[in-house]
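Trainee: Got a minute to walk me through this one? I'd like to start with the strands and then look at a loop.

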Amino acid sequence: MALARRGSWSFSVIPGLGRSFQSSPSLFAQSDQSTLPKSAHGVHVFHCTDEVGIVAKLSNCIASRGGNILGADVFVPEKKNVFYSRSEFVFDPVKWPRAQMNEDFNQLAKSLNAWRSVVRVPELDPKYKIAILASKQDHCLVDLLHSWQDRRLPVDITCVISNHNREPNTHVMRFLERHEVPYHYLSTDEASERESVVLDLVRDTDFLVLARYMQVLSGDFLTSYGKDVINIHHGLLPSFKGGSPSKQAFDAGVKLIGATSHFVTEELDAGPIIEQMVERVSHRDNLKSFVLKSENLEKQCLAKAIRSYCELRVLPYELNRTVVF
C-alpha cells in the first residue's frame, strides 16, 4: 500500500511548468556552437484557454525558426473551454539557439494568456535529478537502478534513501557503490526527525520517486519539499489492505491484478493517476507466480510513469485528473 500524504497537488516541479513559462535557468546557457548537433529534437507542451488558431500559432512559432513538427497531440475536452497540446519537432540549434527558443515560446504563451508552456530539448538540457525512497522490498528499486544504468530512464539518481538498513555485500549496495550513488539509511523512528533529514538530502532534486517506500510522508514534509512525488502501489487495493495483501488476494481467487502509479496527495493513494497496468491471473498460479506477476506490473508501471513525466506527457486536468499524451 502507498503511504504518502500531501495537502495539495500541482505540476509546478516540472522545470518551467510553473515559472512564468520559462525553463530551468541552466537551460539558458549557450553551448559552444562547434559542439552543437546539426539537428536536435524538442518537445513542447501547452495549456491555455481554447480559441481558434492556437495550433496555427504553435506551428508558426516552430516553422518560423526553421523547425519541423514531427508529431502533435491536441486535447480539447467536451464542453470545456480549455486547450492542451504536446508537440515534437526537430530544429537546428545553431539557427534556433536554446535561449531564443525559450523566449519565442514565452512570448507566444503570454499572447494567449497560457497557464503552462514548457519546452524541453533532451539532447541539450540537463537530465532531471531524482532521489529514490525505498523500504525493504527491492524489486522496484532494482529495476529503476538498472534502467538508469542502461540509460532507459532520462534521469540522474542523486541518492537512495531508505528506512531499511541493507547489508554492505548485498546486490543493491554493491551496485550503488560501483556507480557512486549515496545510500542513506534513516535509523530514527521519529517521523519529524526522519523527514527533516530527508528534506536536507533532496532539496536539489526535481522530483521524488517512492519505490515501495512504506513510510508516511506528512503534509508538512510535502509542503516544504514543494515538488512532485511519484508513487507506486499494487492494484489489489482497496479490497486487500493491511499485511500480506498479495496472499489475501491469492486466497480470494482474484482473476485480475494491477498496479497504479500516481502523484502523491494528502489523501492516501488517491492522487492523480499517471499510469495503470493490469494482468490476468488464474487457478494455475501459485502464490510465488502470483506475487511475481504483481511485482513485475509494479516495476513496469512505475518506470513508464517516470518516463511519461520526464517526456512532458503529463498535464493536470480538472481537480484530480491528468492528461497523459
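Mentor: Sure, we'll take one strand and its neighbours, then a histidine.
Mentor: Keep in mind that this is a predicted model, where local features need pLDDT of at least 70, side-chain atom pairs count only at pLDDT 80 or more, and totals for chains, interfaces and linings use all residues. Residues are numbered from 1 along each chain as its sequence is written, and side-chain values use heavy atoms, with hydrogens and water left out.

Trainee: Okay, how many residues of strand E6 are buried?
Mentor: Six of the eight in E6, residues 155-162, so that strand is mostly covered. Buried means under 20% relative accessible area, exposed over 50%, and partly exposed in between, with a 1.4 Å probe and protein chains only. Strands (E, at least two residues) and helices (H or I, at least four) are DSSP runs numbered from the N terminus.

Trainee: In which sense do E5 and E6 pair?
Mentor: Parallel, over seven bridges, with E5 covering residues 128-134. Pairing takes at least two DSSP bridges between two strands. Ile132 has Val160 in E6 as its bridge partner.

Trainee: And what about E6 with E7?
Mentor: Parallel again, over three bridges; E7 is residues 183-185. There, Ile161 stands opposite His184.

Trainee: Which helix goes with E6 and E7 in a β-α-β unit?
Mentor: H4, residues 171-178, and the unit is right-handed. Right-handed means that, with the strands pointing away from the viewer, the path from the first strand over the helix to the second runs clockwise. E5, H3 (residues 139-149) and E6 also make a right-handed unit.

Trainee: New topic: where is His283?
Mentor: In the loop between strand E11 (273-280) and helix H8 (287-310).

Trainee: Buried or exposed?
Mentor: His283 is exposed, at 65% relative accessible area. Its C-alpha is 7.3 Å from that of Gly253, 30 residues away along the chain.
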